[in-house]
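Please read the dialogue below beside the sequence and the three-dimensional view. A learner asks how to read a feature, and a teacher replies.

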Amino acid sequence: MALDQNQVRDIAELARLQIDETQVDEYQKNLSSILDLVDQLAAVDTANVEPLAHPLDAVQRLRADAVTEDNQREHFQQVAPATAEGYFLVPRVVE
Amino acid sequence: MHNKTIADIARDLHSGEYSSVELTQHMLQRIEQLDSTYNSFITVTQQQALAQAKAADERRAAGNADFWTGVPIAHKDIFCTNGVLTSCGSKMLSNFVAPYDATVIDRFNHVGAVSLGKLNMDEFAMGSSNENSFYGAVANPWDTDRVPGGSSGGSAAAVAARLVPGATATDTGGSIRQPAAFCGLTGLKPTYGRVSRWGMIAYASSLDQAGTLTRNAEDAALMMNVMAGFDAKDSTCVDQAVPDYRAELNNSLEGLTIGLPKEYFRDDLSADMQQQVRNAIAEYEKLGAKVKEISLPNTHLAIPAYYIIAPAECSANLSRMDGVRFGYRCDDPQDINDLYKRSRGEGFGIEVKRRIMVGAYALSAGFYDAYYKKAQQVRRLIKNDFVEAFKEVDIIMSPTTPTPAFKRGEKTADPVAMYLEDIFTIALNLAGLPGMSIPCGEVDQLPVGLQLIGNYFDESRLLNAAHQYQQVTDWHLHAPADIA
């Protein structure tokens, strides 16, 4: 399936990815060829085939709702660029 | 010392032939002298390695040494390491120092192994050539104009160049087996869930699996004895007893039934490649194995299904890289959307952006059923092929790759041509089965890999079969010409 350039721009917006206008043409070509490759799937009869989400068909393991980790705030904050009063500081981006 | 295997080193350290500090100094010096050619390391943890080696020697002197105490290894830069840069080969994480150890790292630290550092890789494990790293391409020690394979290319090149005797690696679509084949190594991708993924930066969570790159099957067994086993921190890790993999290596192969899938011996595979693989299978027959032709009829759908499922999962996993909490952040964002888009646009490389976009598209409203659900249905058909095959055979064999290592730049312009490099490896990840690649010949002085595919949790049989082959052949002993 071939994508047009506006679809490429829309997908990039959906994925929150800035792409240069000069690269749109290359993305259009590459993404279209990848979608051509995966279009082979459309021809396969999958009626009554259960999708396989986990290779071992496993279900999510549950555990007791109990705290199992120690508080390591000071250790984790050692690698942060900026902290204050036990909080991580993030540059203001929303006025 | 650098030509020794893990098993040799453990024996020598035990007998006092050399100390861990002497060995570590030798390996670090070798990395410093040679790695500018291969670019296999992103970070060399010199001081930490020497401190670990000193502690290992002290532990041995005190009579508390384990088998692994003082043995050097190195880790793919996808595993979080406490206090050490964990970049995943990306500009996005080029400032990320992990504040904890992945379970795999923790287990090697616990037995006293010495880590020499973090190994280069395709960005977020996306690639089949190791040309997609923010830290530059890795060179194949067999021919430095050629790729080592991806995405664990740094791990493979470092082991092939004898900079480290063994390395951790990960495999989402062939990223252990393909570089093993290209660099003349033994690579093991275990069953999905056999090794904990906790602390391993996620690419495609239902496919990713940690494994080993070593010089032979015995060393792979030794690494698996440390890595494998249940981890409560990883909800996909399987709670099942772990055998002693080394203890199973010497079992006889008499009566073993080998399945040869006709779809993997295709007409477009070169005659030279076919011949090497067929010669290896003949060796197995001499060892008492029987050969049976089988069919895996949905093989041709593995790559199309993978290139929906893996990008869909990666678009979700990589959404956490948003410039807010950790990793790369753009300068002077105008608003929150600008912060997200420019941080991600500037922080990710082209292949990662390509896969995120395919994933975002496949998961978007209106396309989910046609792409994602369809791919998961096809995935079940692919798994069912293997389930049927393993009713008739004990092990399946095939070539690992369609060609030996190709030249750098040869396939970068065409992503689909690059994706087809993983044509023999990818189906196993979709099914969650274990697989190995072992050296079985050479074409144009470049290594050729034989792929061994096992049933679920049958890593022991794979390692046994690989080891027995390596007892009667010497392909695994061949080294790149420039390695002294």
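The dialogue goes from the two chains to local backbone features and then to charged pairs.

Q: What should I know about the model and its numbering before I start?
A: This is a predicted model, in which local features need pLDDT of at least 70 and side-chain atom pairs count only at pLDDT 80 or more, while totals for chains, interfaces and linings use all residues. Residues are numbered from 1 along each chain as its sequence is written, chains are lettered from A and ligands numbered from 1 in the order in which they are written, and side-chain values use heavy atoms, with hydrogens and water left out.

Q: Which helices and strands does chain A have, and in what order do they run?
A: Helices (H or I, at least four residues) and strands (E, at least two) are DSSP runs numbered from the N terminus. Chain A has three helices and two strands, and from the N terminus on the order is α-α-α-β-β. With a radius of gyration of 23 Å, chain A is well over the 12 Å that the globule rule gives for 95 residues, so it is more spread out than a compact globule; the radius is taken over C-alpha atoms, and the rule is 2.2 Å times the number of residues to the power 0.38. Along the principal axes, the C-alpha atoms of chain A fill a box of roughly 55 × 45 × 20 Å.

Q: How does chain B read by the radius of gyration?
A: Chain B has 15 helices and eleven strands. For its 484 residues a compact globule would have a radius of gyration near 23 Å, and the 21 Å of chain B agrees with that. The C-alpha trace of chain B spans about 65 × 55 × 45 Å along its principal axes.

Q: What share of the residues in each chain is buried?
A: Buried means under 20% relative accessible area, exposed over 50%, and partly exposed in between (1.4 Å probe, protein chains only). Buried residues make up 28% of the 95 residues in chain A and 67% of the 484 residues in chain B. For contacts (heavy atoms within 4.5 Å) with a separation of 6 or more, residues 24 or more positions apart account for 30% in chain A and for 75% in chain B.

Q: Which residues of helix α4 of chain B are buried, and what covers them?
A: In helix α4 (residues 103-110) of chain B, the buried residues are B:Thr103, B:Val104, B:Ile105, B:Arg107 and B:Phe108. Their cover includes β2 (72-76), β4 (166-171), β6 (209-214) and α7 (217-227) of chain B. Just after α4(B), B:Gly112 takes a positive phi of about 90°.

Q: Where else does the backbone deserve a careful look?
A: The peptide bond from B:Gly150 to B:Ser151 is cis, with omega near -5°, and B:Ser151 is placed in the loop between β3 (114-119) and α5 (153-160) of chain B. In the loop between β10 (435-443) and β11 (446-453) of chain B lies B:Asp444, which is not a glycine but has a positive phi of about 55°. B:Gln445, found in the loop between β10 and β11 of chain B, is likewise not a glycine and has a positive phi of about 60°. B:Asp444 is exposed at a relative accessible area of 64%, and B:Gln445 is exposed at 67%.

Q: How many salt bridges are there over all chains?
A: Side chains of opposite charge can pair when their charged atoms come close. Here a salt bridge is a side-chain nitrogen of Lys or Arg within 4 Å of a carboxyl oxygen of Asp or Glu, and the count comes to 23 over all chains. One of them joins B:Lys4 to B:Asp12, with the closest N and O atoms 2.9 Å apart; B:Lys4 is partly exposed at 25% relative accessible area, whereas B:Asp12 is buried at 4%. A network of salt bridges links B:Lys4, B:Asp8, B:Arg11 and B:Asp12.

Q: Where do B:Arg342 and B:Asp338 sit relative to each other?
A: An α-helix has 3.6 residues a turn, so residues three or four places apart point the same way. B:Arg342 and B:Asp338 are four residues apart in helix α10 (residues 336-347) of chain B, and are therefore separated by about one helical turn. Their salt bridge has its closest N and O atoms 3.0 Å apart, and both B:Arg342 and B:Asp338 are buried.
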